[in-house]
Each structure stands twice: as C-alpha cells, then as structure tokens.
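Let's take a walk through this structure together. Have the sequence and the coordinates open as you read.

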Amino acid sequence: MVAGNWKMNTTPTEGKALVKAVMDKVPNPSTKVVFGVPAIQLMEIQELVKGHPNYAVAAQNMHQEESGAYTGELSAAMLVDAGIEYVILGHSERRDYAGEDDDLINLKINQALKHGLKPIYCCGEKLDIRQAGNQEVVVGRQIEQALSSLEADQLSQVVIAYEPVWAIGTGVTASNEQAQQMHANIRRMITNQFGSEVANNLTILYGGSVKPNNAAELFAEPDVDGGLVGGASLDADSFAAIINAVR
Ligand code: PEP
C-alpha cells in the first residue's frame, strides 16, 4: 500500500487536479493507493476514485463518539456513509498538537472498526527516544495500548504505519535497516498478541521523508509493506514514482 497524507494542504480545486494527475500517470497501480485528504475534500475525491479497485480515500482524523455535541468533528458513520474506506489515526501531529494519546486512539480505532472503517494507525518514537536506544520499548507500548482489546479478526482491517517522528517532514529518512528492524519487531509483537497468520497478513507501512529516490529500497525490505507519504504525496510526479516503486 502507498498512502498519501496531504495534511492541511491543497484547496479542493488543487486536490481534484492532484488526484486526476496521479490517476492519469498510474491508471492501474499494482498496489492499493490511498489519498488522505482534508475533510472538506473527502466526498469529492471519493467520487473521483469510486469504482477503481486500487484507489481509495482516507480521512485524516475521526471522533471516537457515535454523534453529538462535538463541534467541528466527523463521526465514523459520516465517513462510511460518504464511501470513505480508511481513516488515519494517531498521527504524530495530532499527538503533538491535539494532545491525542494511545488510550484515546484506542477508542477511535474501536469506533472506526465498529463501523467497518479501516484505521491506518500511526506510531513512532521521537528523536530523544531513538538517541537513548529506547525506540522498541516506546513503540511497543504505543502498539500495545492502541490495539489493546482488539480481536484477532479485527486486526485484518488495521494498517500500521511506523513513522519515526524525527523523520517526518525533516528530509531525514530512517535507514532501510532501521525501518526493517522496527517493522520486524512490530510484526513479532503482533504475532505474540494475535498469532502468526494475522501478523503475516498485516500491512505495515513506513512513513518519514519517503521520496522517489528512497522508496524502492525501503519497500524492498521484507517487513516494509509500503509507505505513508507526506510531502511527496503533494506532487503528482513524485507520488506516482513512489507508487511505481512498489513491487
Ligand atoms: C507524514 O506526515 O505522515 C509523513 C510521513 O510526512 P513526510 O513524508 O513529509 O515526512
């Protein structure tokens, strides 16, 4: 899978043009391609990808409650009714700027799954944690908390994105070895918790300065099943090249 996270970028006019350009360049991707678009564009972009087997849309966030007095929020039911297939949850920017923690993200993941929406769950350590060599403990704790209470069959609907925070938007990418090591560790954890069948079928994306010039190498690692792409997903040529880097 290759998922783009546009964050708070592109107007609706620009968003439509970007999706059309990517779909023109890669009409038949060999992998699932997901556009993580701003809320205001969800329905329009969904119309553009509708009926295509390998293109889908993700919301960038979702509220954990069913409905009610939560001004400015979107519910899982709204997203599903609009035809949206995925929701990005737990992105480091939401952890940092909106104070989201793994207990809250756990509620959101459960709520998404209850409605048949597939979460793309983001985890990853900050620089000081990596420098202290504690990344596996910290990411392990994030995963344990966020996925606690899920059943094995629900895991088949979850995508995990490992995004070291120090690599997001910085131009610094984790080395192939660093990515592979963490992905293998995540798969091991999922094996222990949910069994090897679930773990082997799990999609684990790498995110953090994925670009056309490093995507193929990262995706060639045995436990890296694709990428969650920020900056480079805003440029049709770059995003198309990253999609084509999946083998
Ligand atoms: C992201 O925000 O999920 C991300 C990976 O961003 P970038 O590719 O720009 O580092």
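Glu163 is buried, because 27 C-beta atoms surround it within 10 Å; a residue counts as buried when 20 or more other C-beta atoms, placed from the backbone, lie within 10 Å of its own. This residue sits in the loop between strand 6 (159–162) and helix 9 (176–194), where helices (H or I, at least four residues) and strands (E, at least two) are DSSP runs numbered from the N terminus. Beyond its neighbours within four places in sequence, Glu163 is in contact (C-beta atoms within 7 Å) with Ser92, Cys122, Gly124, Ile168, Gly207, Gly208 and Leu228.

Everything here comes from a predicted model, in which local features need pLDDT of at least 70 and side-chain atom pairs count only at pLDDT 80 or more, while totals for chains, interfaces and linings use all residues. Residues are numbered from 1 along each chain as its sequence is written. The chain's average pLDDT (the predictor's confidence in each residue, from 0 to 100) is 97, and 100% of the residues score at least 70. Both ipTM and pTM are 0.97.

Which residues does UniProt place under "active site"? The unreviewed entry lists His91 and Glu163, in the numbering used here, though such annotations may be inferred rather than shown by experiment. The two are spread over 73 residues of sequence, yet they cluster in space, with a largest C-alpha distance of 8.4 Å. His91 lies in the loop between strand 4 (86–89) and helix 4 (92–97), and is buried because 28 other C-beta atoms lie within 10 Å.

Now to the ligand: 13 residues surround it (C-beta atom within 6 Å), and the closest are Ile168, Gly207, Ser209, Gly230 and Gly231.

Methods
A residue is buried if 20 or more other C-beta atoms lie within 10 Å of its own, exposed if 12 or fewer, and partly exposed in between; C-beta atoms are placed from the backbone. Two residues are in contact if their C-beta atoms, placed from the backbone, lie within 7 Å.
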